[in-house]
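Trainee: Hi! Could you walk me through this structure?
Mentor: Sure, let's look at it together.

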Amino acid sequence: MSSASRNHQPATIAVTAGRPAREPDRPLNEPITMASTYVATGGVEYGRYGNPTWSAFEDVLGSLEGGRALAFSSGMAAVTTVLDLVGHDGLVVAPVHAYTGTLLQLADLESRGRVHTLLVDITDTDAVVAAAADAALVWLESPTNPALELADIATIAAAAREAGAYVVVDNTFATPILQRPLTMGADLVVHSVTKYLAGHSDVLMGAIVAGDEELYTVLKGRRDLMGSTPGTLEAWLALRGLRTLHLRVERAQANAAELVRRLEGHPAVAEVRYPGFGGIVAIVVAGGADTADLLTRSTSLWVHATSLGGVESTFERRRRWKAEPATIPDGLVRLSVGIEDVDDLWDDLRAALDDLG
Ligand SMILES: *Cc1c(COP(=O)(O)O)cnc(C)c1O
């Protein structure tokens with residue numbers, strides 16, 4: 001399997017990494033290898049320990065993030081595997097507005113006496129650095145979901161590593177096209193591959209990327225034993241999705257920036273939140289929860305659906321989920337901007353906003 005040169009740009013890596021060797025009559029694409037076992041005495045042996053289709057996906061993602069990737073059955077399987085690095089009674093510092101599944105997992109671990117959790121305002125760098133002094137693991141998300149706050153990853157990572165804590169960045173929102181946390185001092189990157197990396201709303205998958213060989217080996221060992229491995233078809237679909245990641249992210253970001261400009265002037269929108277990059281935008285609808293719910297029922301292009309990072313534009317009122325923190329405004333609608341024509345997207349959204357009165 002070819003490995004992308006470190007000197008290549010992300011667009012080149014996305015297209016060229018994870019390909020079979022260039023030999024006569026070899027396919028250009030890694031095939032879907034359906035196998036539960038392999039002829040003995042090779043490097044893999046059994047289907048839970050490895051698969052060539054996973055490896056091709058891992059080769060591309062690892063090259064994009066600048067580390068070694070491991071594919072998992074879902075983003076939450078990756079999150080859970082990383083949290084399992086924390087020893088008994090260890091302290092996990094995490095953002096108040098982290099992904100709800102991560103917050104629920106932390107609350108569950110805490111309720112069973114496995115870990116302690118300290119939730120912090122990720123924009124308050126001094127407070128996060130102070131909290132990191134006693135931490136076993138510092139969990140970062142930047143931008144956060146769905147508040148879209150930004151963390152000073154480099155400063156926090158330097159302080160946390162100095163204190164002996166693992167530094168993990170959930171890079172699902174930014175993708176390695178816009179942010180490479182391992183180059184900013186993080187030990188590990190986590191992805192819900194389900195979102196931008198696969199990108200077509202048809203796959204559940206996750207990944208961890210390790211910055212060093214030792215952590216990679218530990219986490220590979222955890223995956224082998226926990227069996228939280230991806231399906232082979234899923235890995236192949238995610239690999240196919242990665243080939244256009246840079247184009248999809250560029251287009252979604254350009255659409256998002258244009259929609260932010262237009263949304264800011266609309267009287268039905270009380271607040272627009274956008275971190276300045278990426279394809280996720282949050283708006284606070286002036287009329288509150290009921291008006292926001294009406295908006296999500298009133299469009300023809302925008303799909304009312306959870307999740308994000310697909311080619312199609314989706315949106316939802318986040319507080320419709322019970323687990324969403326009360327610090328998120330009732331009328332906040334998270335928009336996952338897709339790659340459609342931006343004028344069509346605006347016309348559809350504006351008509352629905354106009355009708356809110
Ligand atoms: C969706 C998501 C997850 C969980 O991933 P799944 O693939 O749904 O298990 C974790 N972190 C973030 C930021 C997410 O958006």
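**A sheet, a helix and some rings**

Mentor: Before we start, keep in mind that this is a predicted model. Helix α11, residues 289-296, lies across β9, β10, β11 (314-317) and β12. The helix runs at about 155° to β11.

Trainee: Okay, and in what order do the strands of the open sheet come?
Mentor: The order is β8-β9-β12-β11-β10, which makes five strands with mixed pairing.

Trainee: Which ones are the edge strands?
Mentor: Those are β8 (269-273) and β10 (303-304), and each of them pairs on one side only.

Trainee: How many bridges join β9 to β12?
Mentor: Five bridges do, between residues 280-285 of β9 and residues 332-336 of β12. These two strands run antiparallel. To see one bridge, find Val-284: its partner in β12 is Leu-332.

Trainee: Cool. New topic: how many aromatic pairs does the structure hold?
Mentor: It holds two. In one of them, Tyr-46 and Tyr-49 have ring centres 5.8 Å apart and planes at 70°. An angle over 60 degrees counts as edge-to-face, so that is what this pair is called.

Trainee: How accessible are those two tyrosines?
Mentor: Tyr-46 has 39% relative accessibility, so it counts as partly exposed. Tyr-49 is partly exposed as well, at 35%.

Trainee: And what about Trp-302 and Phe-315?
Mentor: Their ring centres are 5.7 Å apart and their planes are at 45°, so that pair is tilted. Trp-302 lies in the loop between α11 and β10, while Phe-315 is in strand β11, so the pair ties together parts that are 13 residues apart in sequence.

Trainee: Are Trp-302 and Phe-315 buried or exposed?
Mentor: Both are buried.

Trainee: Where does the charged end of Arg-68 sit?
Mentor: It sits over the ring of Tyr-216, 3.8 Å from the ring centre. There is also Arg-223, which lies over the face of Phe-72 at 6.0 Å from the ring centre.

Trainee: One last residue, then. Where does Glu-58 lie?
Mentor: Glu-58 is in helix α2, which covers residues 52-65.

Trainee: Why does Glu-58 count as buried?
Mentor: Because its relative accessibility is 11%, and buried means under 20%.

Trainee: Which residues does Glu-58 touch?
Mentor: Leaving aside residues up to four places away in sequence, Glu-58 touches Ala-69, Leu-70, Ala-71 and Arg-223. You met Arg-223 a moment ago, lying over the face of Phe-72.

Terms used: Residues numbered from 1 in each chain as written. Predicted model: local features only at pLDDT ≥ 70, side-chain atom pairs only at ≥ 80, totals over all residues. Heavy atoms only, no water. Pairing = 2+ DSSP bridges. Helix = DSSP H or I, 4+ residues; strand = E, 2+ residues; numbered from the N terminus. Contact = heavy atoms within 4.5 Å. Axes fitted to C-alpha atoms, helices over the stretch in contact; angles between N-to-C directions. Phe/Tyr/Trp six-rings, centres within 6.5 Å; stacked < 30°, edge-to-face > 60°. Buried < 20%, exposed > 50% of the residue type's maximum accessible area, 1.4 Å probe, protein only. Lys NZ or Arg CZ within 6 Å of the ring centre and 35° of its normal.
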